[in-house]
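Visitor: I'd like a close look at one part of this protein, please. Could you take me through the main nonpolar core and what lies around it?

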Amino acid sequence: NLLYALKYFGCVPNYTRKDGADFCSQPPLLSLMIKDVYEVTEDVVWLKKAVEGLENEYAFWMKERITPLGLNQHGCNATDKDVLLYYYGYVSSRIALDQTLSDEEKMYKAKNFVAEAESGEDFTPRYENHNALDYVQIDLNAHLYGVEDFLSKYFADKDAEKASFYTARKKQRLALIEKYCFNEKTGTYCDYNFVADKKNEIVCAACFLPYFYGFARENGNLSYIYQTLKTKGGVVSCQDTGDDIYQWGYPYIWAPHQYFAYKALMRYGLKTEAEELRLNYMRLLSSVYER
């Protein structure tokens, strides 16, 4: 379904309806899905077609969501005034927004809200003022590193030029992530506000992604991330910032974050913590289901 939608819209749309791509894409998780399907089916013919689609999705991100830094950010496909003003009104029904702004100001804020929604986390305290377009996101760039890694390995014995291309892109991204998205103060990977030249100190579930993909420093503060976000029901989306209006903030727990956190902890040898997380989350699901 996603490969079909990608071919139809030019990106993996936020939802599969005629206007599904009018707002934004989804996070680039397609490569993980393709890998999972192929591991079960071992269908090389299907894999070849899927990789062709994946290359097109990668091209979308590198064309439409690239920043001057060379890293990627979430963005907005919408340009129509009515669409953007509609979206500002929609967000106003969920968050108290200033209604005295000019139409141009509302449109710009709406683009930031759409970019935030494209991350899948609508909405999150990761951004100081819902200014997602000022940031490069650590989870997004980790996912794109994963795409580059997947494609470089796929083409290794099929197309030397493409294999070299994706390998170079992967190495370049890793160098830029280390430069802009590693916070020496906290010892964690983070979002980076390139407009304000400021590394985010908020600990959130996105911080697990460099460990999930295996490119994080061995001395990166993975245990600190886990302990900061740990609850009796799993890891929360974001540390407590004193504001619980965000459904992708404290104290809310979401399934994909548990998966990425568990895999990250296991990959870096924190098996006790991984098992604790697994049991806490499964107990939460069981108890809620029973109630």
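Guide: Happy to. One definition helps before we start: a residue is called buried when its relative accessible area is under 20%, and exposed when that value is over 50%. Please also keep in mind that this is a predicted model.

Let's apply the cut-off straight away to Gln258, which sits in helix H10. Its relative accessibility is 4%, so Gln258 counts as buried. Leaving out residues up to four places away in sequence, Gln258 touches Gly234, Val235, Ile253, Leu277 and Tyr281.

From there we can step into the core itself. The largest nonpolar core has 41 residues, and Cys181, Phe208, Tyr211 and Tyr213 are those with the most contacts inside it. At least two of the core's residues come from each of these helices: H6, H7 (160–180), H8 (209–212), H9 (222–229), H10 (255–267) and H11 (271–290). As background, nonpolar side chains in soluble globular proteins tend to be buried together.

Phe208 is a good residue to click on. Neighbours within four places in sequence aside, Phe208 is in contact with Leu222, Ile225, Tyr226, Leu229, Val235, Phe260, Ala261 and Ala264. Val235 is also on the list of residues that Gln258 touches.

Leu222 leads us on to Tyr268, in the loop between H10 and H11. Tyr268 has a relative accessible area of 16% and is therefore buried. Along the chain, Tyr268 and Leu222 are 46 residues apart, while in space their C-alpha atoms are 8.4 Å apart. Not counting residues up to four places away in sequence, Tyr268 touches Leu222 together with Pro210, Tyr211, Gly214, Phe215, Ala216, Arg217 and Glu218. Tyr211 is one of the core residues with the most contacts.

Just ahead of H10 there is a feature of the backbone to check. Pro251 is found in the loop between strand S7 (234–235) and H10, and a cis peptide bond with omega of about 5° joins Tyr250 to Pro251. A second cis bond links Asp122 and Phe123, with omega of about 15°; Phe123 lies in the loop between helix H5 (103–118) and strand S1 (135–136). For context, most peptide bonds are trans, and most residues other than glycine have a negative phi.

Two loop residues depart from that phi pattern. Glu42, in the loop between helix H2 (30–41) and H3, has a positive phi of about 55° although it is not a glycine. Asp197 has a positive phi of about 50° and lies in the loop between strands S4 (192–193) and S5 (198–199). Glu42 is at 60% relative accessibility and so counts as exposed; Asp197, at 58%, counts as exposed too.

Finally, let's follow H6 away from the main core. Helix H3 (residues 44–64) packs with H6 (residues 138–154) at an angle of about 140°, their axes 11 Å apart, which makes H3 oblique to H6. Their crossing is left-handed. On the H3 side the contact is made by Leu47, Lys48, Val51, Leu54, Glu55, Tyr58 and Trp61, and on the H6 side by Leu140, Leu144, Val147, Glu148, Phe150, Leu151 and Tyr154. The residues of this contact divide into 11 nonpolar, 3 charged and no polar. Apart from the largest core lies another one, of 23 residues, including Val12, Ala21, Tyr58 and Leu140. Tyr58 of H3 and Leu140 of H6 thus turn up in the helix contact as well.

Note on methods:
Residues numbered from 1 in each chain as written. Predicted model: local features only at pLDDT ≥ 70, side-chain atom pairs only at ≥ 80, totals over all residues. Heavy atoms only, no water. Axes fitted to C-alpha atoms, helices over the stretch in contact; angles between N-to-C directions. Helix = DSSP H or I, 4+ residues; strand = E, 2+ residues; numbered from the N terminus. Parallel < 35°, antiparallel > 145°, perpendicular 65-115°, else oblique. Left-handed = near helix turned anticlockwise from the far one by under 90°. Contact = heavy atoms within 4.5 Å. Nonpolar A, V, L, I, M, F, W, Y, C, P; charged D, E, K, R; others polar. Core = buried A, V, L, I, M, F, W, Y, C linked by side-chain atoms within 4.5 Å. Buried < 20%, exposed > 50% of the residue type's maximum accessible area, 1.4 Å probe, protein only.
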